[in-house]
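Trainee: Please show me how to read a ligand site and the empty spaces of a protein model.

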Amino acid sequence: MADTPSSQNGDTVCKSRGQWAGHLGFILAASGSAIGLGNIWKFPYITGDYGGGAFVLVYLICVVIVGLPLMLAELIIGRGAQCNPVGAFQHFHRKGSPWQLVGWLGVASGFLILSFYSIIAGWAIAYIIKSIAGFSGSAETIQSQFGALVTSPGASIFWHTIFMGLCIGIVVGGVQKGIERWSKILMPALFLILLGLMCYGLFGTHAGMKALTFLFKPDFHKLTAEGVLSALGHAFFTLSLGMGAMITYGSYMKKSESLLRDAVTVSFLDTFIALMAGVAIFAMVFNYGLEPSQGPGLIFKTLPVLFAETGPWVSVPFFVLLAFAALTSGISLLEVVVSYFIDQRGWSRVKATILWGGMIYLVGILSAVSSWQIPFIRGKNESFLDIFDFITTNYMLPVGGFLTCLYIAWIMKDKDRSEEFGSSGKLYRALRFTLRYITPVALVVVILHGLKLLPFMDYSH
Ligand code: TRP
């Protein structure tokens, strides 16, 4: 039974829509989108870099005051319009409204993010195979494997092909038979693997307590302004916000679901998984007497050295976990682009997925060749992967999120908003207040920081 959206201006942009078969389908698919490389790769290494507990605490606060409200905002727009991000803004405002540019920005961000995300995800798959063979030799030999992979265009493109092939194969299947079905397999598997790795970290090493203390005992002396800003930016990235992914997934939800309950569940699961990954990883790092601040190489360089000691029964599940997490995020990135072409251009799903998946694949090749570098605003030659990552994370997503927030907080009609939210009581007013006065301010700070324009920061290095 499909509910017809109650359009304010009478023109329903999106006609027939897929829907999640069940409640769990949405929860798993949306958590799958949120839980990605950001949780298993980025969160642990930035936590290590910014000193642990205090950073984690600030991050948790950011999830609650910025992430959760914005996720609700996206779900309200998506389910309310039952449409892709561009159509959703047309639905609530009007066709040709400048707000639909926000939807466009989202589709473009999805395209660009997936193009480089797929390269990193491809490395994760490559490391599954390397793990099966086992890591051995000196620390330098093991670490140099990563450099060899990154600088070998052939290998990076090969694994990129596999990853994009998997994303396309799943998204072609549609909402229920593709995304939902695979999320129901991959997400529980991911959870079980991580549970196993966390238990290993806690009980199989001698550093379980140390890892817990590092993550959960705040030491505010270690917290820097830079750390706070990273926590803010990450809270936002890890929940897949600012590019219409949650608008798109929300558009497949039934009207009977409570958006608040679902947004809280997804944000909680995302955070919980990141913390579990943190415990597993830091227990291993401390067990071998290493420093937690290993930077972005933590997963692909530092851990393999430790895996040489633990053996493949720890490393294989670990990289399978990373690949699964990346895959469920990859499919949501692709779905944003695909749903736009299905809804707005009337394409068939097969055509939209193969054609646009193919385009993303081709652009991804730019990021796969690390020796192709161009000068960029940071005054040095940089690879496409770094540039695309920088532009999307620092500019496109925060700007998209900021405008989405402005729209729902200040432009959308109170009635439309409260109707989707399901009440107009205290909680609703608290959400509206947060979206009006707190979330946008936080996002402006992220944007200004990306532009190096914050007055109290030192950008000289
Ligand atoms: N949340 C994902 C992660 O933690 C990354 C991501 C950012 C993303 N924006 C997205 C995924 C949009 C899907 C859609 O890795």
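**Ligand shell and cavities**

Trainee: How many residues of each class does the shell around the ligand have?

Mentor: The shell has 7 nonpolar, 8 polar and no charged residues. Here Ala, Val, Leu, Ile, Met, Phe, Trp, Tyr, Cys and Pro count as nonpolar, Asp, Glu, Lys and Arg as charged, and the others, Gly among them, as polar. The model is predicted, with local features needing pLDDT of at least 70 and side-chain atom pairs pLDDT 80 or more, while totals for chains, interfaces and linings use all residues. Residues are numbered from 1 along each chain as its sequence is written, and side-chain values use heavy atoms, without hydrogens and water.

Trainee: Which residues of the shell are closest to the ligand?

Mentor: A residue counts as near if one of its heavy atoms lies within 4 Å. The ligand is surrounded by 15 residues, with Ala34, Gly38, Tyr117, Phe237 and Ser332 the closest.

Trainee: Where are the polar contacts of the ligand?

Mentor: A polar contact is a pair of N or O atoms within 3.5 Å. A polar backbone atom of Ala34 is 3.0 Å from a ligand oxygen, and an N or O atom in the side chain of Asn39 is 3.3 Å from a ligand oxygen. A ligand nitrogen is 3.1 Å from a polar backbone atom of Thr238. Taken alone, the ligand exposes 360 Å² (Shrake-Rupley, 1.4 Å probe), and the protein buries 100% of that.

Trainee: Which space does the ligand take?

Mentor: A cavity is a set of points on a 1 Å grid over the protein atoms alone where a 1.4 Å probe fits but cannot get out; lining residues have an atom within 4 Å of a point. The ligand takes the space of the largest cavity, where sitting in a cavity needs more than half of the atoms within 2 Å of its grid points. Helices H1 (23-34), H2 (37-49), H10 (225-238) and H14 (312-345) each give two or more residues to the ligand shell, helices being DSSP runs of H or I with at least four residues.

Trainee: What is the volume of the largest cavity, and what lines it?

Mentor: Its volume is about 170 Å³, taken as the space filled by probe spheres set on the grid points. The lining has 18 residues, and Ser33, Tyr117, Phe237, Ser240 and Leu333 lie nearest the centre. Elements giving two or more residues to this lining are H1, H2, H5 (100-133), H10 and H14. By class, the lining of the largest cavity has 10 nonpolar, 8 polar and no charged residues.

Methods. Polar contact = N/O pair within 3.5 Å; in protein donor to acceptor, adjacent residues only side chain to side chain. 1 Å grid on protein atoms, 1.4 Å probe; cavity = no way out; pocket = protein on both sides within 12 Å on 5 of 7 lines; lining within 4 Å.
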